[in-house]
Amino acid sequence: MKRRGLLLILLLVFAAGLQAYTFGQNKLNLQPEEWSQIQTMHFDVYFPAQADSFGKLAALMAEETYYLLRSELTFPAGSRIPLIIYRSKSGFQNTNVIYPLLPEGVGGFTESLHNRVAIPFEGSYRDLEVLLAHELTHAYLNTLDKSALNSLASLSLETLPMWFSEGLPEFFSMGGLSDYNNMFIHDMVVNDKLPGLENVNGYYAYRLGESFLAYIAQTWGRSKVAEYFYALRSVRNLDSATRKVFGLKFEDLEERWRFQLKRQFYPLMAAHGIPNEQLERRTDSDKDGSYLNFMPRFSPNGERYVYFSTVSGRYSIWMAGRYGLAEPRKILAGESSGKVEEFYYFRSSLSWFPDNRRVAFAAKTSRGDRIHILDVEKGKIVQTLPLKQFDAIYEADVAPDGRSIVFAGQIGMQCDLYLYNLETAELRQLTNDLYNDAQPRFASDGASVVFASERSREDLIKRQGFFGGLVSQIFSLDLQNGELVQHTWSNRNCSFPQLDQSGAKLLYVTSQDSVSNVFALDRATGGQARVTDVLAGVFCSDLAPDGKQLLLANYFDGAWDIYIASGLSDTLSFTPAQPPVVSDPQDKLLEGIDLGNLDYFGKREKQRPSRTNPAAAYGLRDPFLGEPAGFEFTPEDSLQLVRDYSYDDRPLQRGKPIQSKPYRAKFALDNLWGGLAYSPSVGTVGYVELSLSDLMGNHGIGVQAEIAGKLEDSNLLLSYLFLKRRTDYGLGVFNLFDEVYVRQVQTGLDDYYRFRERQSGLYFLTRYPFSRFFRVELDHLVYQRGRYQSNWIWDDPAGNTGHWSPNEDLGQSYVYTPGLRLVHDNSLYGPTGPLLGWRAFYNLSATLANGKIDYVTNYLDWRSYTLFSKRYSFALRALGGISTGSLAQRFDLGGYNGVRGYTGNLSGEKKALLAAELRFPFIEYLSLAFPLPLTLPNVRGSLFADLGTVFDEYKNFRGADNGTLRDLHLSYGCGPRLDLGFLLLRFDVVWMTDFASHSKPTYYLSLSEDF
């Protein structure tokens, strides 16, 4: 069985995208995606089949983005870049290009091994272009690292700090012009929480890096940004690069940026109020540890409201009273079951039915995006709408009479508004164009809806690109005659519209003065009024039915919280604004974009820059020695060396029309390593391991060979995994060889015996995920097992020479080993291990040799995690195993799955283990200057106890006797855990006890996460 475990591990190592053997959440390929491909001058663009127009547009966007980057970075890309665009966020999250399961917060990624860019389409062509620019910057820089530029001795590559490696793509894609991005910087400045750049990571590295580079561009010019990039790549450290480019120490340059941020944002502090002064705060992110409190919605009678919150660690639905007389309560846990696997954080909404009891919302489920109807009293989903044709479903709103629901839905490569009749199950498409239509809300009479749409262009927008000028404005749509009316005319995005009960006032959110707040339009007079005026940015709002209070989701002091504003009708002051205008419903999004321009960027043969060496035109000895020789070597002078990159200039003539073609799997090498040696006694000994996969990661091939002497005596493994569909399939072919030597000590010469075993056969794996959190795995191992014995024969009595006798066949057998595994895992991780949820692993396995049972093993590992405070968690683990049969498996008591601190060698056919652990923050931040400069942030601690046993027969088991443990073994201990980014470091101090005595402490240093 040792061989079988090794085989399974090897198969799963070679599997592209398959999750951990025991735990791990699942990827759901709900519908197998068929792909098309377009090859351009610099890109291989992959997009959903039957979407050729979108594919050509995406390819043209990529090439235009490339030349924007080329103008900034000067040097051409060193290789072609694969670009994969998924039709939805769910499809992107389940990609097989990389192994991890992607959460909602990941917008796109650039895989480094093959430099593949993978991004989703989420309804907005403007957002797609921004995301494309960000990820193509990563890919572009990766090609520079691997190109001929590295032959220049001056470019000794150094790792870029995260704020630069993520800030540079943000700068090239947004340029510091986004009010939303700047909101986070603004908030940190206002609340005196601006961290040092060298210590920042995660999401804030994007924001701070972009802001810092935008400051450099504004102060020294855009060319300095690229110069700074190349300096960071070529010199030893950040300070040296900064001195080289700016003549300043890095800390001085950073200090100047900080002062500039104060000049930029302090005036906004004087012009706007503080939320806690002007509004009533209803959620407390500081106390409960939540970060997102979003999408509040009043009930029709105005007595309570629902909202999304991460109070419990998961994005869930909560409910609270309007007057705050009772504590909010969670009515539906999200991200923990197949019915609600995940929400779109910024595009999921909540809407009440007129009965004040039911709420509608959209969510990602194990069967695709669905609209659920939730009974808030029972806390249960009572109805799910059968909307299977949608790739994504976003914001939804219930009609005032409760008979229909309007929502934003994505089918293919466009997002439109739809109306679903709950009584007749009729689906009606309200808009049909490429514009991103979002956030629909019914008028109080149900005759029309207002919504936000990117149907407007603003020439003042400075961001480059086909869709850089798109601005989201507020529109209304008459459900009877289809009349479309534009209500706002801002040069900033307007979002989350709603009408008051009278229909006279239209409220919406916009950042008119760089700070996002709520504004109102008087539909009768055409006037505009500011409703809120607070820092640092309102995301969405909801007006009470009586119009007297307003719920807000506002970002301040590092988190999104729910606030409530009162007395609105007494404070509004309207000023003249542009009146509403009937809008042309025609689709003009691609107006002015000639897809035929893609023909300029046809694929070309790979070219290299030519090298011109002016020093070769003359020889230094010529004036003294007369006519130069026919050939004389002249070393290149790097100061005069010229490289010609004109081959990569923007093409000026169209080539042949570029056509799409179906995607065909081609395999590329992912991993290769091994070694070779020669032994006079054994012969050639070698080991090689390689893995291959196709571009999409749907097919994985693994080869492992351990050659020693004859081929039949070697370990060989060939595996294949198919991951394109919901069910994963695996196949392995193997030949495994093992030998054991036994020495029998006796008078005279010792006897030696050699036992050999060879296993040759097939392995089959089937894996089906019922949801993101639960799956079943079936495997079948079928092989022929041969056992052989030989003994050592001494050739002379002195024992100087000898030889092995011929192998004696101990018998051949045909072995069948089936296995069944059930895996559940909805755990939520912290920096050192799971903090919330539960996971369990049940394994049933058996072996039949020549039709007779060798063993049957049942094994269960259950773990539960309770986050009972902001960052405190209590973990429990129960583990049990029973093996029966003539060759029953034996369980150990030590190791990762045993009692910590136990150093014996007990084993048994039965095993039980209980473990409890308190996980808590230990050191918030530790900075040392001597003897080594060392910074240790977020060190966590653990207090734990383990109780376990292994034994063979129940009748012989003695747990305790006279207050002293016998067959039970107990340990307890504590220790810190440190997340170093690339590995987790654990240090444990453990004591063993039987209640009568306690052992000396044992110290363990390990690199594994908490259970």
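Author: A starting point for reading strands: two of them pair if DSSP finds at least two bridges between them. The model above is predicted. With that in mind, take strand β25 (residues 517–522) and strand β26 (residues 527–530), which run antiparallel and are joined by three bridges.

Reader: Thanks! In β26, which residue is the bridge partner of phenylalanine 519?

Author: Arginine 530 is the partner of phenylalanine 519. The general idea is that strands of a sheet pair through backbone hydrogen bonds, either parallel or antiparallel.

Reader: What is the order of the strands in the open sheet of five?

Author: Follow β23-β24-β25-β26-β30, with antiparallel pairing. At the edges are β23 (494–499) and β30 (575–576), each of which pairs on one side only.

Reader: Is β23 mostly covered or mostly open, and how many of its residues are buried?

Author: Mostly covered: six of the six residues of β23 are buried. Its antiparallel pairing with strand β24 (residues 505–510) runs over four bridges, and cysteine 494 stands opposite threonine 510 in β24. These two strands form a hairpin with five residues between them, where glycine 503 has a positive phi near 80 degrees.

Reader: I would like to see another set of strands. How many bridges join strand β7 to β8?

Author: Four bridges join β7 (residues 293–298) to β8, and the two strands run antiparallel. Look for arginine 297, which stands opposite valine 306 in β8. The hairpin of β7 and β8 leaves five residues between the strands, and glycine 302 in the turn has a positive phi of about 75 degrees.

Reader: And where does the chain go from β8?

Author: Into another hairpin, with strand β9 (residues 316–321): β8 and β9 pair in the antiparallel sense over six bridges. Serine 309 has serine 316 in β9 as its bridge partner. Here six residues lie between the strands, and glycine 313 takes a positive phi near 95 degrees.

Reader: Why is β8 said to be largely enclosed by the rest of the structure?

Author: Because six of the six residues of β8 (residues 304–309) are buried. Try checking each face: Arg304, Val306 and Phe308 are buried on one side, and Tyr305, Tyr307 and Ser309 are buried on the other.

Reader: Let's turn to helices. How do I describe two that pack together?

Author: Two packed helices are described by the angle between their axes and the distance between the axes. In this model, helix α7 (residues 203–220) packs against helix α10 (residues 250–271) at an angle of about 90 degrees, with the axes 10 Å apart. That makes α7 roughly perpendicular to α10.

Reader: Which residues of α7 and α10 meet?

Author: From α7 come Leu208, Ser211, Phe212, Tyr215, Ile216 and Trp220; from α10 come Phe250, Leu253, Glu254, Arg256, Trp257, Gln260 and Leu261. By type, the residues of this contact are nine nonpolar, two polar and two charged.

Reader: At roughly what angle do the axes of α6 and α7 cross?

Author: They cross at roughly 95 degrees, and the axes of α7 and α6 (residues 179–190) come within 9 Å. The two helices are therefore roughly perpendicular to each other. Tyr180, Asn181, Phe184, Ile185 and Met188 of α6 make the contact with Tyr203, Tyr204, Arg207, Leu208, Glu210 and Ser211 of α7. This contact divides into seven nonpolar, two polar and two charged residues.

Reader: Now for the inside. How many residues has the largest nonpolar core?

Author: It has 138 residues, and those with the most contacts inside it are Phe54, Phe212, Tyr228 and Phe361. Helix α2 (residues 52–73) gives the largest share, 11 residues. Another core lies apart from it, with 17 residues, among them Ala399, Val449, Phe451 and Leu479.

Reader: What is phenylalanine 361 in contact with?

Author: Beyond its neighbours within four places in sequence, its contacts include Ile317, Leu332, Val340, Phe343 and Leu350.

Reader: One last residue, please: is alanine 915 buried or exposed?

Author: A residue is called buried when its relative accessible area is under 20%. Alanine 915 has 6%, so it is buried. You can find it in strand β50 (residues 910–928). Its C-alpha atom is 4.4 Å from that of aspartate 946, although the two are 31 residues apart along the chain. Not counting residues up to four places away in sequence, alanine 915 touches Ala875, Leu876, Arg877, Arg900, Ala945, Asp946 and Phe1011.

Terms used: Residues numbered from 1 in each chain as written. Predicted model: local features only at pLDDT ≥ 70, side-chain atom pairs only at ≥ 80, totals over all residues. Heavy atoms only, no water. Axes fitted to C-alpha atoms, helices over the stretch in contact; angles between N-to-C directions. Parallel < 35°, antiparallel > 145°, perpendicular 65-115°, else oblique. Contact = heavy atoms within 4.5 Å. Nonpolar A, V, L, I, M, F, W, Y, C, P; charged D, E, K, R; others polar. Core = buried A, V, L, I, M, F, W, Y, C linked by side-chain atoms within 4.5 Å. Buried < 20%, exposed > 50% of the residue type's maximum accessible area, 1.4 Å probe, protein only.
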